Amino acid sequence: MPTNGLLFQEPIFWHLIIKIRRNLMATVVRLTRMGRTKKPFYRIVVTDSRKKRDGGWIESIGYYNPMVEPAAIKFDAERLSYWKSVGAKMSDKVAHITKG
């Protein structure tokens, strides 16, 4: 067994790699479904891109209700611009909803 110290440095090295990967998580702004059967409404949330559609989220920044006429849309533009500035990508639907 080598005694050059590499054996003891390897776990520290992998710990740093894991820590860096966690900090570089890909965030995305997307819709998460709420409501009941045939009566959906959606929250506009910031989440990790690897999570499921209705999985946990980091922050809720608004809502979208397509069931009322006209569709109810409310979101915090300041928080949306913050998340875009730190690199969060927007889903196609959220980009369409928030542009107009």
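**Exercise 1. The loop at Lys38**

Determine whether Lys38 is buried or exposed in this predicted model, and state what is notable about the phi of Lys38.

*Solution.*
Step 1. The relative accessible area of Lys38 is 69%. A residue counts as exposed over 50%, so Lys38 is exposed.
Step 2. Lys38 belongs to the loop between β1 and β2.
Step 3. The phi of Lys38 is positive, about 65 degrees, although the residue is not a glycine.

**Exercise 2. The sheet and its edges**

State in which order the strands of the sheet lie, and identify the edge strands.

*Solution.*
Step 1. The open sheet is formed by 5 strands, and their order is β4-β3-β2-β1-β5, with mixed pairing.
Step 2. β4 (72–75) and β5 (89–90) each pair on one side only, and these are the edge strands.
Step 3. Strands of a sheet pair through backbone hydrogen bonds, either parallel or antiparallel. For β3 and β4 the sense is antiparallel, over 4 bridges.
Step 4. Particular partners can be named across this pairing. Gly62 has Phe75 in β4 as its bridge partner, and Tyr64 stands opposite Ile73 in β4.

**Exercise 3. The connection between β3 and β4**

Find how many residues lie between β3 and β4 in their hairpin, and which residues the cis peptide bond joins.

*Solution.*
Step 1. The hairpin of β3 and β4 has 6 residues between the two strands.
Step 2. Pro70 is located in this loop between β3 and β4.
Step 3. The peptide bond joining Glu69 and Pro70 is cis, with omega about -10 degrees.

**Exercise 4. Aromatic pairs**

Classify the pair Tyr42 and Tyr64, then the pair Tyr82 and Trp83.

*Solution.*
Step 1. A pair of aromatic rings is described by the distance of the centres and the angle of the planes. With centres within 6.5 Å as the criterion, there are 2 aromatic pairs.
Step 2. The ring centres of Tyr42 and Tyr64 are 6.2 Å apart and their planes stand at 25 degrees, so this pair is stacked.
Step 3. This pair links distant parts of the chain: Tyr42 is in strand β2 (residues 39–48) and Tyr64 in strand β3 (residues 59–65), 22 residues apart. Both Tyr42 and Tyr64 are buried.
Step 4. Tyr82 and Trp83 make an edge-to-face pair, at 5.3 Å centre to centre and with 70 degrees between the planes.
Step 5. Tyr82 has a relative accessible area of 37% and is therefore partly exposed. Trp83, at 12% relative accessibility, counts as buried.

**Exercise 5. A buried arginine**

Describe the surroundings of Arg30, and identify the nearest side chain of opposite charge.

*Solution.*
Step 1. Arg30 is part of strand β1 (residues 27–36).
Step 2. Although buried, Arg30 has no salt bridge, and the nearest side chain of opposite charge is that of Asp48, 7.3 Å away.
Step 3. A polar atom of the Arg30 side chain lies 3.2 Å from the backbone oxygen of Lys52.
Step 4. Beyond its neighbours within four places in sequence, Arg30 is in contact with several residues, including Ile44, Val45, Asp48, Lys52 and Val94.

**Exercise 6. The ends of helix α2**

Identify which residue caps the N-terminal end of helix α2, and which glycine follows α2.

*Solution.*
Step 1. The cap of helix α2 (residues 77–85) is Asp76, with a side-chain oxygen 3.2 Å from the backbone nitrogen of Glu78.
Step 2. Gly87 follows α2 and has a positive phi, near 105 degrees.

Terms used: Residues numbered from 1 in each chain as written. Predicted model: local features only at pLDDT ≥ 70, side-chain atom pairs only at ≥ 80, totals over all residues. Heavy atoms only, no water. Polar contact = N/O pair within 3.5 Å; in protein donor to acceptor, adjacent residues only side chain to side chain. Phe/Tyr/Trp six-rings, centres within 6.5 Å; stacked < 30°, edge-to-face > 60°. Buried < 20%, exposed > 50% of the residue type's maximum accessible area, 1.4 Å probe, protein only. Lys, Arg positive; Asp, Glu negative; His and termini not counted. Salt bridge = Lys/Arg side-chain N within 4 Å of Asp/Glu carboxyl O. Contact = heavy atoms within 4.5 Å. Pairing = 2+ DSSP bridges.
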